[in-house]
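Subject: Structure handover

Hello,

Here is the structure I promised you. Please open it beside this note and follow along.

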Amino acid sequence: MKTFSSMCKPWQRLIAALVVGGSLLTSAVSYAADDVIRVTGIPDENPTELARKNQPLVDYLEKKLGKKVTYVAVTDYGAAVSALSAGKIDFAWLGGFTFVQARHLAGAEPLAMRDIDRKFKSVFIANTTSGIEKPEDFKGKTFAFGSKSSTSGHLMPRHYLLSLLAINPEKDFASLPVYSGAHDATVKLVESGKIQGGALNIEVWDRMLAEKKFDAKKVKLVWTSPEYVDYVWAARKGLSPELVAKFKDAFLNLDPSVPEQKAVLELQGAKVFVAANQSDFDSIEKVARDTGLLK
Amino acid sequence: MSEFNRKQELKRYLVWFVVGLTFVLAMEGTHVNPGALFDRDGIRNAGELLSGLLSPNLSPDFLHRIFLLSFESLFVGILGTVFAVVIGIGLAMFAIRIPELPDPPGRQGRRQSFVVATARTVSRFTLGFFRSIPEIVWAYLFVQILGLGPGAAVLAIGLTVGGSIGKLYAELAEAVDRQIIGGLRAAGVGRWGILMHGILPQVKRQWVAYALFRMECNIRTGTILGVVGAGGLGSEIALSIRYLEFDKLATTLIAVLMFVIALEWVSAYLRRHPVKWSLLFAAVGGIASFAYLDIPWMDLLTGNWSNLPGTTEFDLSAEFLGKTATLVWQTLLMAWIATLLAAVFAFFLAPLSTRSLVTGSYLSQTYGKRGLSLWMSRLLQSGSQFFLQVTRAMPELTLALVFVVWVGPGALAGILAIAVHNIGVLGRLYTDVYEEVEPGPAKAMQASGASGLSTWLYAVLPQVSPRVLAFTLYRFEVNVRATATVGFVGAGGIGDSLYTSISLFHISDLVVLLVVMVAVVTLVDQVGDRMRKRILNGPSCEPPLAQRLANLFSRTSGAPLTSPMTSDIPKLEVAQLCCRCGAAPAFSVIRPVSLSSQGLTFISDKFLPTGLMVQLVVVYPDGKLSSVISARACPAVSPAHSIDSKTIKNYLSFIEPAPDFLSAMIVIAQRDAAYFIDDSECSTHEKNARGNASISSQLDSTIA
């Protein structure tokens, strides 16, 4: 009796092996369920904080949408944007700049934003031993932004440094600016004295101040920026309009009088959610293009 | 000391001086300030890091999390290696130029050979392309298709490592024994048949060994790719450093260390056992990884490839290109500094961790260390082995994150990270080289009472130095690629721009940067390949151009050519000719005087008894050994001249004067003739004439 191997030429056996291997490979594939809604948020704070903030929200959304909702944690702003553009995430909580990126790359749609997001601000902080008293003093000191893709931690502070304070971050600091990666990390860097000054999101600053997350003797507020538009819940392109409308309504209908929904609002740092429009982000897009961060 | 000797010496010092100078210039070029390691801030940062690292976070929640993530990293490494091997072998099969396979004649043959040649070029280019792009860039691109999670890391490792595995596999396959292939060819076996039956059986052990070695590296890589959202321990490392939580960092690093070391045991075990065990391990590991890692593989086929951002406009302005050139230059300088730093440390640590150099002795009946000093040596040995182990287990990116905290972001952090990791890698490679040293010369020296240090300097180092140099150059090539990645965490070089262009979606910049990087990496590889070949094979054995022209001229004029066998006065280096007489070296201080096809005259410290059987081994300058040949000792050549122990001449007559053995000795002798013989008494010609004369007379008398 002829064996399989004696019947075939070597190259035929190789191909046979590849075909068998390939079919095994594809049969082992696990299919992603379509009725799961995947949401994420830019990692502007540490993951335990984000998980605490988002769990009640996920529960609320599951109830409202009647589908399973999973929160996918990411550690990088860019990863959140690319996952949304690639359709790996359905809804994402993005900053102004990351939303503009997602819109530019894959036509993301803005849904809802918090009341405070329409008049958001950045704060400029300094270590108390640095000798920084007024915003002009940042010149010649070391300075930390948040993530490179952050609106309130990088884009807008950079814009105001250039336009209002005439400080070029690439030339006028003691060394090239440091990118801490997140707002609370910026505070930690300035508190440790490794970096003398920094800029971050006012909401995170206020909360860290209230919860005494850092030593107030070591870090002080130097300057608060003018207002701009920031965070927004965005949907990827290609979702069914009913689902998008349901998701948007879930936010707009959050009612402070219902205890569970009040908890969601409080954790999100909002009194109420309002509808967001594409045109809200045109000014951010212009700033992003002017500073060269959006190409 | 002769004039030529001094010139050689001077040249060697000049080379070291130039290497040192490039180090200083490169330090200037990158504007780094090593003082940042130990200035006020540096010491404080180091203290914070250290105190955190000494008190790891052992809360059950965190440990549970780290445990799960460790497994994810482990499986990413295993599955990535399986992919890499599949990709590597798949492409290598086409990239191999089979030796002894002339293209078949005829019209159809021409078409076939054209197809084969095209496939070879394409697959070689693909391998080079995969290899030149760092894992972390691939990972970022695959996040677009597979989404967040370990799938991107698996594919990234598969591609980058597949490229380098494929290249090495093809090189190994081209270096196989040609006789077998010639036989198959003569029997009319085609290309695939030769690959399957002529080449594969010869290389499979080497292939498996290298795959296992790469798997260790891949699991380390798997622990860090999480930085870009590709699963595993990486995100935990990045976060613990971002929030200055060094206790968590300590736990994570200990986890990395533990399973990397455990894996090293597994792979050492597999390397000692038949290939099928490794295949079984790969199969089981691959299936387990498939089951454990939840990766949406179908997305690779059905996924939206159009999601990959495209671009048609490229920024080719002089400003951007100038900036890119500066970054590339900085990257090269950083890699060079780091390699030199690591080489210096590894050079001194490797002998300390080599068993035979520290605790043991090359002699079988040891007169070496005993008692306390033996234990001290053992302690020193395990200490340096542990240090090399730990530094090797830490991936460059992890170290870069740590050094960014210590000295702040910038080129210095990157240099230190690459240097520290490479101390471990180079130390391991150097140690392996040291362990493979031919013990003969060292035995001879130790038998004559030489100390450990001088044994190392004169008997071991000359054997290993070419391979040590070659490995250092090889690591420089690898480090150029590694330096391009440390920028992802803010440690300088071109990686910083790569990261910016990726995270801000500046696709056109990314394309330009990647093209430049692939070009630079390919160039460095090519130059490195040539230099390594030159170092390992020694200077070309062909005579210089003038000599060749002269030969040509003399040939045309009909003058007889001199055969190497009759060359008159080859001289042998002490450490490179080693003699074994029975169990222990019977004599030492060998100073060769002359060599002919009949025998060898040399000076030793005592008379050899007549008729003693001696084994001769030739150690090539690159440390390889030639075959052993037996020789019979004859009485001293001229007892009248052998008054003190330094001038006792002995003569060994070859029993089987194998031609290749002799020519190898002659080549060595000629190459090293310049500076190992120090004979001020008489000119070489006189001595040679005398030596030959006495040999023949001696031979006559022996035969009589």
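How many bridges join S3(A) to S10(A), and do they run parallel or antiparallel? There are 4 bridges between S3(A) and S10(A), and the two strands run antiparallel. Please keep in mind that this is a predicted model.

**The sheet in chain A**

S3(A) also pairs with strand S1 (residues 36-41) of chain A. That pairing is parallel and has 3 bridges. Here are some of the bridge partners. A:Val39 is matched with A:Phe91 in S3(A). A:Gly41 is matched with A:Trp93 in S3(A). A:Trp93 also has a bridge partner in S10(A), namely A:Trp233.

Both pairings belong to an open sheet. The sheet has 6 strands with mixed pairing, in the order S2-S1-S3-S10-S4-S11 (chain A). Strand S2 (68-71) and S11 of chain A stand at the edges. Each has a single partner strand, so one side of each is left without a neighbour in the sheet. From one strand to the next, the twist averages 25°.

Helix H5 (residues 96-106) of chain A packs on this sheet. Helix H5 touches S3, S4 and S10 of chain A. Its direction makes about 135° with that of S3(A).

Now look at the side chains of strand S3 (residues 91-94) of chain A. A:Phe91 and A:Trp93 point one way. A:Ala92 and A:Leu94 point the other way. All of these residues are buried.

**The aromatic residues**

How many aromatic pairs does the structure hold over all chains? The total is 34. Two pairs deserve a look.

Take A:Phe120 and A:Tyr231. Their ring centres are 5.6 Å apart and their planes stand at 70°, so this pair is edge-to-face. A:Phe120 lies in the loop between strand S4 (109-114) and strand S5 (122-127) of chain A. A:Tyr231 lies in the loop between strand S9 (219-224) and strand S10 (232-235) of chain A. The pair therefore ties together parts that are 111 residues apart in sequence. Are these two residues buried or exposed? A:Phe120 has 2% relative accessibility, so it counts as buried. A:Tyr231 is buried too, with a relative accessible area of 3%.

The other pair is A:Phe251 and A:Phe273. Here the ring centres are 4.9 Å apart and the planes are at 50°, so the pair is tilted. A:Phe251 sits in helix H9 (residues 241-252) of chain A, and A:Phe273 in strand S11 (residues 273-275) of chain A. The two are 22 residues apart, and the pair links distant parts of the chain. A:Phe251 is buried, at a relative accessible area of 1%. A:Phe273 is buried as well, at 3%.

Both pairs fall within one aromatic cluster, whose members include A:Phe120, A:Tyr231, A:Phe251 and A:Phe273. A:Phe91 and A:Trp93 from S3(A) are also in that cluster, and so is A:Trp233. The remaining members are A:Tyr160, A:Tyr228 and A:Phe247.

**Charges over rings**

Which residue lies over the face of A:Tyr179? A:Lys148 does, at 5.0 Å from the ring centre. Chain B has a case of its own. B:Arg378 lies over the face of B:Trp375, at 5.3 Å from the ring centre.

**Backbone points to check**

Two residues have a positive phi although neither is a glycine. For A:Lys212 the value is about 55°. A:Lys212 is placed in the loop between helix H8 (202-210) and S9 of chain A. A:Lys212 is exposed, with a relative accessible area of 70%.

For B:Phe505 the phi is about 60°. B:Phe505 is found in the loop between helix H20 (494-503) and helix H21 (507-537) of chain B. B:Phe505 is buried, with a relative accessible area of 8%.

**Chain A as a whole**

Chain A has 11 helices and 11 strands. Of its 295 residues, 55% are buried. Its accessible surface comes to about 12700 Å². Carbon and sulfur atoms hold 57% of that surface. Among contacts in chain A with a separation of 6 or more, 78% are between residues 24 or more positions apart.

Best wishes

Methods
Residues are numbered from 1 along each chain as its sequence is written. Chains are lettered from A and ligands numbered from 1 in the order in which they are written. This is a predicted model: local features need pLDDT of at least 70, side-chain atom pairs count only at pLDDT 80 or more; totals for chains, interfaces and linings use all residues. Side-chain values use heavy atoms; hydrogens and water are left out. Buried means under 20% relative accessible area, exposed over 50%, partly exposed in between (1.4 Å probe, protein chains only). Contact means heavy atoms within 4.5 Å. Accessible areas come from the Shrake-Rupley method with a 1.4 Å probe; for residues, only the protein chains shown count as cover. Rings of Phe, Tyr and Trp (its six-membered ring) pair if their centres lie within 6.5 Å; planes under 30 degrees apart count as stacked, over 60 as edge-to-face and the rest as tilted. A charge sits over a ring if NZ of Lys or CZ of Arg is within 6 Å of the ring centre and within 35 degrees of the ring normal. Two strands pair if DSSP finds at least two bridges between them. Axes are lines fitted to C-alpha atoms, for helices over the stretch in contact, and angles run from 0 to 180 degrees between N-to-C directions.
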